[in-house]
Each structure stands twice: as C-alpha cells, then as structure tokens.
Amino acid sequence: FHIDDELTKFRQVLRYLESYPYRNNVHLKEMCSAFLDPKIVPSKQLRKIKFVTAAVGMRMNPIIAILLNLIFPWDFFFARFIHRYRDEMKIILPQWVDTWAELEALIALSNFAYLNPDYSFPDIINLEPGNSKFPFVEVRNMGHPLIPAEQKICNDFSINNRGEVYLITGSNMSGKSTFLKTIGVNLCLAYAGGTVNAAHLRTSLFQIFTSIKINDSIVDGCSFFYAEVKRLRSLLDALQNDLQYPVLFLIDEIFRGTNNRERLIGSRSYIQHLVSQNGLGLIATHDLELTKLANQFSNITNFHFREEVVGGKMVFDYKLHPGPCPTTNALKIMMMEGLPVILEE
C-alpha cells in the first residue's frame, strides 16, 4: 500500500514525461531516458503495482480473505509479487526522482531567464590542464538579482591571476558584503547553466569557497570566532588539495570575532599566505591597516566602497573604486543615531 500511495503523488507527472513528444529534442530525450525504456516505462510499472495492491486489498474483508485462501494461496502468491515489485522500484524510483529533480532545476533556470530578459548568458571557458592562460573572471554591469531594479547599482570587475587577492575596504553599509555575494550568486547561476545579472560575464571554472555567513553554536559549544577559524582552515585545506579547478574564495570581515591587535596580526599573516596558493579571491575588511600589504605584494590590490554625508544623511554610491577607502563612518552613524561619542583630544 505504501508504494502505491507514494507513487500516486506524482503519477500524472510520470505519465506526462513518458508520453511527451520529444521529437528533435535530443538532449532532453536522453535526459528523460529513464521514463522511456519500454521494459520499465512508468505506466507499466504503475499498473502492476496498482493491480497487486488492489488484489491485496480484497483480503481486508475477513470473509473474502478466507474464501480466497481456501481456493488459492492468495496471500503467499501476492506477497511474492509485492516483494518483487518493491525490489524493482528500489532501482527504478531513484532514477525517476533524480531525473525529475534535474528537470525541475532546469525549468527554474529557464523561468528565471524568461522573467529577466535583460540578463545575459555567461561565457564559460574551460581551461585544460597545462593551458598557458590564467584563471579569470571578467564582468561588466554586474548586479545582485535579489535587489530591485530601481535600487540596483551595478559594477564592473575583473580578476585574472592565480594567487591574486583583492582587499575590499569601505564604511559600514557601503556595499562590501553585497558585492561579495553578488559575485558568488552570479557565478553559481553561471555554472548551473542560467542567465546572470550582468551585461557580460566571462569566466573560467572555479571551486567557489565562501566565508560570509558564519554562525556560532550553543549546542556544539562553538563561538563565532572559533567557527570562523575552522572555516578559514578549511579554505587552506582546499587550496592545498589537488583540485581540478583553482579555488575562488570570498571572505567577508576576516577575523572580526576577536580584538583589534590579534585580528590585525592574524589577518595579515593569513592574507600573506593566500597569495602563494592555488587560488584567487576577494576579502572584505574594516581594517585599513591591511591595505598596506599591497605595497609589499604585487598580487594584492586595494579597492573600496565610499560614502559621503549630505544634508546630515549618509549617502552611498555603491560603486567599486580603486585604492584603499579614504573615509570611515562608524562614529558618524553612532552620533546620527543619538549614541554618546566622546572624541579624544
């Protein structure tokens, strides 16, 4: 009964996929081959299971059950069929569900492209081992797909050398974290086969690694800082592994869970180590002292987001600018919101 109940939930979908006129859609037909094998076609399998469950259901009446088993070993016979069909479905059902899940994902990406006609399909380059070109990302007018169009500010961006690190500085609420998420989301969409929120995106293939939304855990007894340390340790492990593709890392507010002195020492040491590894990426930070690393390492480049005060209000342009951030705004925000701020002489 349980097999029939579960299959009934998506009976119509299976029948539709089985009878769909694929015609010249070669790739789609190949993907849905699990529904087209005449030996295990869904409608045939469903009919067999329906017949067996109906036959077993007849014995639920005690009188009929006695009569049926007097004439024929009804229970034994159909129990054998139930076990046979159950074993068959153990093999077939996962194939059906996996194919269905992949179709759902592709439909979602197609619908996403249809609803956003101004988005573009990415140009993805697979650099074979030994290729003289470096891994790269090049985007023009890139925005975050979840930000409303009337509020969205797009940016250009490129990074194209192994071991290269971009340090993104900027004031609170200036757009650092959103920029990292924008890169990550659009690359995920690109690798999934969808359109991207950019006028143009050209990229090689990467293993994407993020340290953006780190959480502590009361249950595991893990503080925010320790969770971040473990996450960044995982990045070093990933960089040292012999991966098929280089790592593209996106790190937001590195080591913000500790005091200023130790955060600066730890961040400086960690970033210096990253420039010699098989990866490239971006690190957002409030520590302006870290921007001095660009004077020591040619693979480190500074960019920033900025703000200005207009009419007593903070105004952000959300545009990526070269160089370290020239301003800070934490004390301004505190004073604007009425918090006491005592400036030292």
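The secondary structure of this chain comes to ten helices and twelve strands, and the model that shows them is a predicted one. Of the 345 residues in the chain, buried residues make up 40%. Among the contacts with a separation of 6 or more, residues 24 or more positions apart account for 68%.

**Two helices**

Helices H7 and H9 can be described by their residue counts and their spans from first to last C-alpha.

| Helix | Residues | Number of residues | Span, first to last C-alpha | Expected span at 1.5 Å a residue |
|---|---|---|---|---|
| H7 | 176-192 | 17 residues | 25 Å | 24 Å |
| H9 | 260-274 | 15 residues | 21 Å | 21 Å |

The span of H7 is close to the expected value, and the span of H9 is likewise close to its own expected value.

The buried residues of H9 are Arg263, Leu264, Ser267, Tyr270, Ile271 and Leu274. Seen down the axis of H9, these buried residues fall within an arc of 145 degrees, so they line one face of the helix. What do the buried residues of H9 pack against? Their partners are four strands and one helix, namely strand S4 (165-170), strand S7 (247-252), strand S8 (279-284), strand S9 (300-305) and helix H8 (224-240).

In H7, the buried residues include Lys176, Phe179, Leu180, Thr182 and Ile183. Further along H7, Gly184, Asn186, Leu187, Leu189 and Ala190 are buried as well. Just after H7 comes Gly193, which takes a positive phi of about 100 degrees.

**Positive phi outside glycine**

Arg23 has a phi near 50 degrees, a positive value in a residue other than glycine. Arg23 is found in the loop between helix H2 (11-19) and H3. Its relative accessibility is 70%, and because the exposed class begins over 50%, Arg23 counts as exposed.

Asn141 is not a glycine either, yet its phi is positive, at about 55 degrees. Asn141 has its place in strand S2 (residues 137-142). With a relative accessibility of 41%, Asn141 counts as partly exposed.

**Cysteines**

How many disulfides does the count come to? The count comes to zero disulfides. Three cysteines may nevertheless be described by their accessibility. Cys154, at 22% relative accessibility, counts as partly exposed, since buried means under 20%. Cys325 has a relative accessible area of 7% and is therefore buried. Cys32 is also buried, at 1% relative accessibility.

Cys32 lies in the loop between helix H3 (26-31) and helix H4 (42-58). Leaving aside its neighbours within four places in sequence, Cys32 is in contact with Tyr22, Thr99 and Leu103. Of these partners, Thr99 is 67 residues from Cys32 in sequence, while the two C-alpha atoms are 6.6 Å apart in space.

**Aromatic rings**

A pair of aromatic rings is described by two quantities, the distance of the centres and the angle of the planes. A search of the whole structure finds nine aromatic pairs. One aromatic cluster is formed by Phe157, Tyr166, Phe179, Phe303 and Phe305. Within this cluster, Phe179 is also one of the buried residues of H7.

A ring may also have a charge over it. Which ring lies beneath the charged end of Arg231? The charged end of Arg231 sits over the ring of Phe209, at 4.0 Å from the centre of that ring.

Key
Residues are numbered from 1 along each chain as its sequence is written. This is a predicted model: local features need pLDDT of at least 70, side-chain atom pairs count only at pLDDT 80 or more; totals for chains, interfaces and linings use all residues. Side-chain values use heavy atoms; hydrogens and water are left out. Rings of Phe, Tyr and Trp (its six-membered ring) pair if their centres lie within 6.5 Å; planes under 30 degrees apart count as stacked, over 60 as edge-to-face and the rest as tilted. A charge sits over a ring if NZ of Lys or CZ of Arg is within 6 Å of the ring centre and within 35 degrees of the ring normal. A disulfide is a pair of cysteine sulfur atoms within 2.5 Å. Buried means under 20% relative accessible area, exposed over 50%, partly exposed in between (1.4 Å probe, protein chains only). Helices (H or I, at least four residues) and strands (E, at least two) are DSSP runs, numbered from the N terminus. The expected span of a helix is 1.5 Å times one less than its number of residues. The arc is that of the directions from the helix axis to the C-beta atoms. Contact means heavy atoms within 4.5 Å.
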